[in-house]
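Trainee: Please take me closely through one part of this model, and then set that part in its surroundings. I would like the pairing of the strands described before anything else.

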Amino acid sequence: MAEAAGRDAAGRSGLHRLRRALADLAAADRVALVTAMTLVLLLLYSRGAWYTQTPVAVLGTAGLLLPGLRRSSWFWLGLGAFLAAGYFREWYAIDNHKYLYVYWCLALALALRTGEPRGPLAVSARWLVAACFLFATLWKILSPDFLDGTFFHYALLTDLRLQWAGELFGGLSAEVSAANRRELETLVGYSAQVSPVELRSSPAVATAAGVMAWATLAVEGLVALVFAAPERWRLARLRAPLLLAFVLSTYALAPVIGFGWILLILGLAQAPDRGAIPTAYAVVFLLLPLYRIPWHDLLSALS
Amino acid sequence: MPPTAPNRLTWLLARYGAPALLAVVALFQTYQALRHELTPWRGGGFGMFSTVDVPSARFFRLYLATDEGEIPAPLPATLAISFREIQTLPTEESLDRLARRLAAATWAVPDLPLVALERVTEAPETGLEAGRPWSPGGEFPVRAPLPVPLLAGEELPGGLTRLDALGVRLELWRYHFDQETTRLEVERLQEARATSSPITRRETDG
């Protein structure tokens, strides 16, 4: 009995120490923290050709080992320039969050030219999030095949990453999902003829797609709104809950960890110095890579 | 507190420089996508997950013109970057340029009887039916007796015969999803033709 109580106490103590460590991490020098997180992000997820990877690996490692370097405006300008030049050569294949990496390096370089970078960084980060979500929302409104659910309907039928959602919400079987992907491959694959192909669906998939479309539009539009709202507005208090909800839900479906991480870094950069919010950003940052584990496959294999 | 005049530019740039750059690039991307067929998924406008019109929804068909008719041909992996650029932002000029490069390439066929397109349309079982999907940078699904492109300076491997193509026809297609019928409908976006000039043909022959 005493032994069990001792183990409980040790467990509670360990948990307490972990919570304390996370709180300390989030309350630490915010500029030092977000610059370190940015370097980890770039080292792991900037990717690109050798002329992008090599300078990022060298500068990123140097920046992690030499904290003083991370305080240099020129360091971030150089890092951003290498990223921009590399991505420019591969413009046709570069995802949108890679642009955010470059903008954030520029924001760091410009803020570090001032004597007090914390304030300018917070403003930059806030408006980068607002602008990113504003354009994402705008595109979903402009697009002819988003609001009526067409895009998500198609994605649920053909995207391997969303297969589990198609099975869960739409009642599709794994065989039907595989057959749909084969149809698509036949269409775009090498062939002597081009003709339409029919995908197998269900009414439930169409309903789920409509719900996903409007939910996505609502969340992204709200994130843009709350980040654009002045600090004194009550809406501004929803920044962290909405951004965290977006990251936790979106990257569960499409685990683009680099995108999630840059959003969390931007969120943390503009968050208050103390309290639960910076801790929440830090915890989600630490745990987000767990989304890369193929949970659905593992659970399917076990069942 | 806003700074005094000498520091105003630094003050403004430090706060709004990066977001302003994002907005400028995104507005340019939006213009390019709405006016010039740039896929909304690329270009820094944050249009990902908004449309089926992803770059891979745009796909190619390549045909070699021969004395026996048109023969479908695989896309050379060596030109994968050009194909991807056109999938992202197709222009008439870029498709024409690519068609000319393809017309100048050296093609070879396995030592098997060639089957012209017209016969394939009538009888798909002749061996030219769809193969595995081609993805830029990946393997392309050559099934005999499809023509294969040879790299510059590459010697003709055994079992292949040089194909004297008269020219090429390159098509760019796009699919979209019709929710009502659950069909992927297709439309041809662009087409380019190029002839193998006598000079080109002599060079490739030699």
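**Strand pairing in chain B and the contact with chain A**

Mentor: In chain B of this predicted model, strand E1(B) and strand E2(B), the latter made of residues 69-73, run antiparallel to each other and are paired over 5 bridges. The link between E1(B) and E2(B) is a hairpin with 2 residues, and within this pairing Leu64(B) has Ile71(B) of E2(B) as its bridge partner. A second antiparallel pairing in chain B is that of E6(B) with E7(B), which extends over 12 bridges. Arg169(B) is bridged there to Arg193(B) of E7(B). In the hairpin that joins E6(B) and E7(B), 4 residues lie between the strands, and Thr182(B) adopts a positive phi near 55 degrees.

E7(B) also leads out of its own chain, since strand E1(A), residues 197-198, pairs with E7(B) in the antiparallel sense over 2 bridges. Two positions show how the chains face each other along this pairing: Val197(A) has Leu184(B) as its bridge partner in E7(B), while Glu198(A) stands opposite Arg183(B) in E7(B). As a general point to keep in mind when following such strands, side chains in a regular strand alternate between the two faces of the sheet.

This brings us to the contact between the chains, to which chain A contributes 51 residues and chain B contributes 52 residues. On the chain B side, the elements that each supply at least two residues are helix H1 (5-36), strand E1 (58-66), helix H2 (80-88), helix H4 (117-122), strand E6 (167-178) and strand E7 (183-195). H1(B) provides the largest share of that side, with 13 residues. Sorted by class, the side of chain B that touches chain A consists of 30 nonpolar, 14 polar and 8 charged residues.

H2(B) deserves a separate look, as it is among the elements just listed for the contact and also has residues that are buried, namely Phe83(B), Ile86(B), Gln87(B) and Thr88(B). The cover over these buried residues of H2(B) includes E1, E6 and helix H3 (92-104) of chain B. E1(B) and E6(B) therefore appear twice in this account, because each supplies at least two residues to the chain B side of the contact, where two residues are in contact if their C-beta atoms lie within 7 Å, and each also helps to cover H2(B).

Stepping back to chain B as a whole, we find 5 helices and 7 strands, arranged along the sequence in the pattern α-β-β-α-α-β-α-β-β-β-β-α. Of its 206 residues, 35% are buried, and when the contacts in chain B between residues at least 6 apart in sequence are considered, 64% of them join residues at least 24 apart.

Chain A, which supplies the partner strand, has 14 helices and 1 strand. Its C-alpha trace spans about 65 × 65 × 40 Å along the principal axes. Among the 303 residues of chain A, 44% count as buried, and 66% of the chain A contacts with a separation of 6 or more involve residues 24 or more positions apart.

Two helix pairs illustrate the packing within chain A. Helix H10(A), residues 203-228, and helix H11(A), residues 239-253, pack at an angle of about 150 degrees with their axes 9 Å apart, and their crossing is left-handed. The residues in contact are Val219(A), Leu222(A), Val223(A), Val226(A) and Phe227(A) from H10(A), together with Arg239(A), Leu242(A), Leu243(A), Ala245(A) and Phe246(A) from H11(A). By class, the contact of H10(A) with H11(A) is made up of 9 nonpolar residues, no polar residues and 1 charged residue.

In the second pair, helix H12(A), residues 257-269, and helix H13(A), residues 276-287, have axes that come within 9 Å and cross at roughly 165 degrees. With angles over 145 degrees counted as roughly antiparallel, H12(A) and H13(A) are therefore roughly antiparallel to each other, and the crossing of H12(A) and H13(A) is again left-handed. H12(A) makes the contact through Trp261(A), Leu264(A), Gly267(A) and Leu268(A), and H13(A) makes it through Pro278(A), Tyr281(A), Ala282(A), Val284(A) and Phe285(A). The contact of H12(A) with H13(A) contains 8 nonpolar residues, 1 polar residue and no charged residues.

Key: Residues are numbered from 1 along each chain as its sequence is written. Chains are lettered from A and ligands numbered from 1 in the order in which they are written. This is a predicted model: local features need pLDDT of at least 70, side-chain atom pairs count only at pLDDT 80 or more; totals for chains, interfaces and linings use all residues. Ala, Val, Leu, Ile, Met, Phe, Trp, Tyr, Cys and Pro count as nonpolar, Asp, Glu, Lys and Arg as charged, and the others, Gly among them, as polar. Two strands pair if DSSP finds at least two bridges between them. Axes are lines fitted to C-alpha atoms, for helices over the stretch in contact, and angles run from 0 to 180 degrees between N-to-C directions. Angles under 35 degrees count as roughly parallel, over 145 as roughly antiparallel, 65 to 115 as roughly perpendicular and the rest as oblique. A crossing is left-handed if the near helix is turned anticlockwise from the far one by less than a right angle, and right-handed if clockwise. A residue is buried if 20 or more other C-beta atoms lie within 10 Å of its own, exposed if 12 or fewer, and partly exposed in between; C-beta atoms are placed from the backbone.
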